[in-house]
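Q: Could you take a close look at the largest pocket in this structure and walk me through what lines it? I would also like to see how that part sits in the rest of the fold.

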Amino acid sequence: MTIENISSNKVFGGWHKQYRHRSSTLNCDMRFAIFLPPQINTGVKVPAFYWLSGLTCTDENFMQKSGAQRIAAELGIALIAPDTSPRGEDVADDDSYDLGKGAGFYLNASQAPWNRHFHMYDYIVKELPELIEQHFPISTQRAISGHSMGGHGALTIALKNPKRYTSVSAFSPISNPINCPWGQKAFSAYLGNDKDTWKAYDSCELMGTATERLPTLIDQGNDDQFLNEQLKPHLLAAAAKKRAYPLQLNYHDGYDHSYYFIASFIESHLRFHHQHLYC
C-alpha cells in the first residue's frame, strides 16, 4: 500500500502531515491526517489515537480546531484523523448534509448505490491501521475517539472490537441512532429497511450484549442543540448501568456542539487514553 504526502507542518516539536492513498476497501482515493509526536525521533514506536469526525467534516477539522497536538506531543501519542466518508466524482451522494459524502456513519453499507463505496467500518477497523502501521513508527496500541457521528463510530467500533483498542471516548455522540432522525435516515439508506440489521451499529444495543469491557469516557454539553432529539446519551448511560459497563459520562453546563467544546476537554480525553495506552 503506497501513500502520497500532500502537506507537512512542524508543530510542538512534532509533525502534522496529510496523505492521500488509494483505498481498496472504499474503491476511491482517500485522505488522512496524522500528527507524529517528537518521541518518534528516539527510534521508538508510539501508540495511536484515532479520531473520527462528525457530519460534514473532513480530516482537517480536528487537526485545525481541537488544539490536541500540544498534549499529544507531551504524552507521546500519534493522532490520526481520517476523512468521514468516501470521496470522488463517481461516489454516490445526496443533496442533504446528513447522507452521502461527509456522512459515512462508519458502517458497511449493504444497499445500492451506497454499497459500492461506503464501507467506512472496514476502512477504519482494518485498512487504515494496517496502512498507518506499515508506513509510520506507530505501535499496535490504539485508542479511539470521536465527535457526534464520529462519537457514534468510535463507540460502535470499540464495542465490536474490544481487543483492538485499549480505551474509547466520545464527545456528544449519537448514542442511539436507531431511535433518532439522523440515524434512521442514514441507516434506512445504507442498510435498508430491516431494522434488525441496524442494531449492529447502535451503541445502546451493542453495550446491552457486550461480554468484554473497555474503559469509556463521554463528555456532553448541556447547551448542545442536538442533545435531546439526536444524541440521547442518557439512553447509553442506562444501557451501561444495566450491564455494569465502565462508562464515565460527564455533562457540562453552557457548552454546545461545536469545536469550542472539544478544545475545552480534549486534554482530559488524551490523558485518559494515555493511562491505558502506556499501561
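A: Sixteen is the figure to start from: in this predicted model, the largest pocket has 16 residues in its lining, and those that lie nearest its centre are C57, H147, H257, S258 and Y259. The space inside the largest pocket comes to about 270 Å³. Two elements, α1 (60-65) and α9 (259-277), each give two or more residues to this lining. Of these, α9 supplies the largest share, with three residues. As for chemistry, the lining of the largest pocket is made up of eight nonpolar residues, seven polar ones and one charged one.

From the pocket, α9 is a handy guide into the rest of the fold. Helix α9 lies across six strands, namely β4 (46-52), β5, β6 (138-146), β7, β8 (216-221) and β9. Its direction is at about 175° to that of β7.

Those strands belong to an open sheet of nine, with mixed pairing. If you trace the sheet from one side to the other, the order is β1-β2-β3-β5-β4-β6-β7-β8-β9. At its edges stand β1 (4-11) and β9 (247-252); each has a single partner strand, so one side of each has no neighbour in the sheet. From one strand to the next, the twist averages 20°. Strands in a sheet pair through backbone hydrogen bonds, and the pairing can be parallel or antiparallel. For β1 and β2 (residues 14-23), the pairing is antiparallel and runs over seven bridges. If you want one contact to find on screen, S8 has K17 in β2 as its bridge partner.

It is also worth setting the pocket beside the enclosed space in the model. There is one cavity of 30 Å³ or more, and the volume of the largest cavity is about 30 Å³. Lining the largest cavity are L155, A158, L159, V168, M207, L214, T216 and Y245. Helix α4 (residues 149-160) gives the most to that lining, with three residues. Seven residues of the cavity lining are nonpolar and one is polar, while none is charged.

Finally, a few backbone details in the loops deserve a look. Most residues other than glycine have a negative phi, and most peptide bonds are trans. In the loop between β5 (78-82) and α3 (120-135), where P113 is found, the peptide bond from A112 to P113 is cis, with omega near 0°. F105 lies in the loop between β5 and α3 as well, and its phi is positive, near 60°, in a residue other than glycine. With a relative accessible area of 0%, F105 is buried, because the cut-off for that label is under 20%.

S172 is another residue with a positive phi, about 45°, although it is not a glycine. You will find S172 in the loop between β7 (167-171) and α5 (181-191). Its relative accessibility is 0%, so S172 counts as buried.

To come back to your pocket, a good place to begin viewing is the group of C57, H147, H257, S258 and Y259, which lie nearest its centre. From there you can follow α9, the source of three lining residues, as it lies across the strands from β4 to β9 listed above.

Conventions: Residues numbered from 1 in each chain as written. Predicted model: local features only at pLDDT ≥ 70, side-chain atom pairs only at ≥ 80, totals over all residues. Heavy atoms only, no water. Helix = DSSP H or I, 4+ residues; strand = E, 2+ residues; numbered from the N terminus. Buried < 20%, exposed > 50% of the residue type's maximum accessible area, 1.4 Å probe, protein only. 1 Å grid on protein atoms, 1.4 Å probe; cavity = no way out; pocket = protein on both sides within 12 Å on 5 of 7 lines; lining within 4 Å. Points joined across faces, edges and corners; volume = space filled by probe spheres on them. Nonpolar A, V, L, I, M, F, W, Y, C, P; charged D, E, K, R; others polar. Pairing = 2+ DSSP bridges. Axes fitted to C-alpha atoms, helices over the stretch in contact; angles between N-to-C directions. Contact = heavy atoms within 4.5 Å.
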